[in-house]
Amino acid sequence: MRTQNYILSVLAFAMASFLLIHFGLIAVYGKYYIYETNRWILLAEITLIIAIMVFSFYCIVDHLRKLKSKR
């Protein structure tokens with residue numbers, strides 16, 4: 001397995017776990033609120049989420065280019 005695929009698999013598992021926990025809490029309590037008091041931590045979280053999205057988009061485009069070049 002290539003390193004790129006390994007990283008995407010780990011990120012997909014982490015995101016699925018994160019969503020499962022949050023939706024489970026919504027199912028149990030009916031609502032779930034997140035509040036971050038530290039602005040630097042919030043900025044770091046947003047930056048990392050954007051970095052994950054950019055990396056995922058890059059991997060998709062790279063994969064599509066390789067499929068196109070094989071034809």
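The following dialogue takes up how terms are applied to a predicted model.

Tutor: Residues are numbered from 1 along each chain as its sequence is written, and side-chain values use heavy atoms, with hydrogens and water left out. Because this is a predicted model, local features need pLDDT of at least 70 and side-chain atom pairs count only at pLDDT 80 or more, whereas totals for chains, interfaces and linings use all residues.

Student: What makes helix 2 a helix, and where does D62 lie?

Tutor: Helices are DSSP runs of H or I with at least four residues, numbered from the N terminus. Helix 2 covers residues 39-70, and D62 lies in that helix.

Student: Why is D62 called buried?

Tutor: Buried means under 20% relative accessible area, exposed means over 50%, and partly exposed lies in between, with a 1.4 Å probe and protein chains only. D62 has a relative accessible area of 16%, and therefore counts as buried.

Student: Which residues is D62 in contact with, leaving aside its neighbours within four places in sequence?

Tutor: They are R2 and Q4. Contact here means heavy atoms within 4.5 Å.

Student: What makes the pairing of K66 with D62 a salt bridge?

Tutor: Side chains of opposite charge can pair when their charged atoms come close. A salt bridge requires a side-chain nitrogen of Lys or Arg within 4 Å of a carboxyl oxygen of Asp or Glu. The closest N and O atoms of K66 and D62 are 3.3 Å apart, so the pair meets that definition. A search of the whole structure finds one salt bridge.

Student: How many residues apart are K66 and D62?

Tutor: They are four residues apart in helix 2, about one turn of the helix.

Student: Why does K66 count as partly exposed?

Tutor: The relative accessibility of K66 is 35%, which falls between the two cut-offs, so K66 is partly exposed.

Student: Where is H22, and is H22 buried or exposed?

Tutor: H22 lies in helix 1. Its relative accessible area is 15%, under the cut-off for burial, so H22 is buried. Not counting residues up to four places away in sequence, H22 touches Y32 and I34.

Student: Why is L20 called exposed?

Tutor: L20, which is placed in helix 1, has 64% relative accessibility; that value is over the upper cut-off, so L20 counts as exposed. The C-alpha atoms of L20 and Y6, 14 residues apart along the chain, are separated by 21 Å.

Student: What makes S69, in helix 2, count as exposed?

Tutor: At 58% relative accessibility, S69 also passes the upper cut-off, and therefore counts as exposed.

Student: How do you know that N5 is partly exposed?

Tutor: N5 is found in helix 1, and its relative accessibility of 34% lies between the cut-offs, so N5 counts as partly exposed. N5 and C59 are 54 residues apart in sequence and 8.4 Å apart in space, C-alpha to C-alpha.

Student: Which residues form the nonpolar patch on the surface?

Tutor: The patch is formed by F18, L19, F23, I26, Y32 and I34, with about 610 Å² of accessible area together. Accessible areas come from the Shrake-Rupley method with a 1.4 Å probe, and for residues only the protein chains shown count as cover.

Student: Why can F18 belong to that patch?

Tutor: Patches are made of residues with over 30% relative accessible area and no salt bridge; nonpolar side chains (Val, Leu, Ile, Met, Phe, Trp, Tyr) are joined within 5 Å, and like charges within 9 Å. F18 lies in helix 1, which spans residues 3-29. With a relative accessible area of 47%, F18 is partly exposed, and so passes the area cut-off for a patch.

Student: What makes a space a pocket?

Tutor: On a 1 Å grid over the protein atoms alone, a pocket is an open set of points where a 1.4 Å probe fits, with protein on both sides within 12 Å along at least five of seven lines; lining residues have an atom within 4 Å of a point. The largest pocket holds about 500 Å³ of space, a volume being the space filled by probe spheres set on the points.

Student: Which residues lie nearest the centre of the largest pocket?

Tutor: Of its 15 lining residues, F18, E45, I46, I49 and I52 lie nearest the centre. Helix 2 supplies the largest share of the lining, seven residues.

Terms used. Helices (H or I, at least four residues) and strands (E, at least two) are DSSP runs, numbered from the N terminus.
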